[in-house]
Each structure stands twice: as structure tokens, then as C-alpha cells.
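Work through the exercises below with the sequence and the structure at hand. Each task is followed by a solution in steps.

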Amino acid sequence: MNNIKRISLFTLIVLALSINTANAKSKWWEKLFSKKDKNNSELSTTDIGSAFKEALTIGAENVVAQLGGVDGFNSDEAVHIPLPKNLQKAKKILKKIGLDGMVDDLELKLNRAAESAVPVAKDLFIQSIKDMTFEDVKEIYKGSDDSATRYFQEKMSASLTEKMAPIVDNSLAEVGAIKSLNNVMDKYKNIPFVSEFSPDLTAYVVDKGMEGIFYYLAKQEAEIRKNPLKQTTELLKKVFGEK
């Protein structure tokens, strides 16, 4: 009988802890816009909006720092840039004659080009965040868990493409990707019965680079929603901290 009581008590404790943990994860987010929350009495909408923007800024800077360094793309399976599909096909054919290493080298250089272009995103993120109104913040709050990320995609994609393209183009030339591609294509087109093609490496790398940026931004947003106090600035403590 005592064992049954102990098990029941343990079950109740675990259930209570689970409920409290779930409530803690959402409490800070709900507290932003709860007019009934007495803890908000000393907070202005400026404080709340600024804190949210600060959290997003830190998240965006983390993404840029992560992807903009050596192997930011190349060594990360989640965002590693593979060869374009037509070059993957070429690699299989070249492998038969022992020349697939040339294509592997090209794949590395595509990732290096993306890594070199990512830092330009930082200023665009910061400007987009500055331009956010409190109404934007409220809409993002009401939206899905990746609504801030989708906001950035809508606001930044065109500008980011424009800014990244020349950097990627120059980087592809500097790391020798264009030369590598030409070497690959020279060997490939000499193989009987294959179709020639001319891949646009710059557009491809820019597109994949942006996918990687927004992929990790969505993960940062999830962390911000879950626990903004990981970003320990004074403003975030003031707005999101427990009283």
C-alpha cells in the first residue's frame, strides 16, 4: 500500500512539474501583450517592442556569425550546399573515368562562396528590425512560430539577393570555382553521348545561401520564443525577467 502511495505521489509531482515547465515557456510571450499583467505596469510599448527587436537582432547576428565563418556551410549537413543536379549527374559520369575529384573540389568552392557572402546579411537584418513597427511585433506574436522569419523573408529577400550576388560572383572567381567548372565541363563534353549544359553557379549559391540563413533564423526565433533570457541584455531582463 505504501508503494502505491509513493508511486501516486511521484506521478502527481511529475505532472505538476510538466505543467509548470510548459507554462514557463509561454508565460513570457503572453506577458508582452497582457493588459491585465501587473508586471507590465512599468513597461512601455517602446520597452516591449525594443526588447523583442533586440532579441531578434541578437538571433540574426548569431546566424550570420555561424554561417559566415569557414565551414559555416561546408561542414554543416543541415545547410551544406550540394552540387546542382545537372552537375551531380555529370559527377556520376566523370567518376567512371576517375575524374569525380574535380567535381568534389567544385562543391567545396560553392560552399566557400556562400560563406563569404553571408556577412552582408547582417546590416539588412538590422535595418529590417529597425523598420519594424509595434504593430508588426504584435502581428508576429499572433502568427506562427516562424512568423518573424517569414517577415524577414518577405522584407529582405530581394535586397539580400541583390547584395549577395556580386559577392558570390567575385568569390567564385577568387576561389577558382569558375576555373574548376570550366575544367569539369571540358572533360565532360569530351565524353560521347552526353548533353552539354551551362549552370548558373552564382544564382544557385545565392539561393542556397539564403535558404541556409533563413533555416537557422527560424531556429533562433524558436529559441527566442522559448527562452529570451538566454540573451542576457539589461533590456531583455527588464522586459522578460521574472519580477
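**Salt bridges in a predicted model**

At a relative accessibility of 25%, R112 counts as partly exposed. The model is a predicted one.

**Exercise 1.** Find which side chain meets R112 in a salt bridge, and state which parts of the chain the pair links.

*Solution.*
Step 1. The partner is D71, with an N to O distance of 2.9 Å. The cut-off is 4 Å, so the pair qualifies.
Step 2. R112 lies in helix 4 (residues 100–117), while D71 sits in the loop between helix 2 (45–67) and helix 3 (85–95). The two are 41 residues apart, and the pair links distant parts of the chain.
Step 3. D71 is partly exposed, at 28% relative accessible area.

**Exercise 2.** Decide whether K109 and D105 are each buried or partly exposed, and place them in the chain.

*Solution.*
Step 1. Their side chains form a salt bridge at 2.8 Å, N to O.
Step 2. Both are in helix 4, four residues apart, which means about one helical turn separates them.
Step 3. Buried means under 20%. K109 has 16% relative accessibility and is therefore buried, whereas D105, at 31%, is partly exposed.

**Exercise 3.** Describe the salt bridge between K208 and E211, then name the residues that salt bridges with shared partners join into one network.

*Solution.*
Step 1. The N to O distance between K208 and E211 is 3.7 Å.
Step 2. The two are three residues apart in helix 9 (residues 201–226), about one helical turn.
Step 3. K208 is partly exposed at 24%, and E211 is partly exposed at 44%.
Step 4. The network consists of D71, R112 and E115, joined by salt bridges that share partners.

Technical notes
Residues numbered from 1 in each chain as written. Predicted model: local features only at pLDDT ≥ 70, side-chain atom pairs only at ≥ 80, totals over all residues. Heavy atoms only, no water. Buried < 20%, exposed > 50% of the residue type's maximum accessible area, 1.4 Å probe, protein only.
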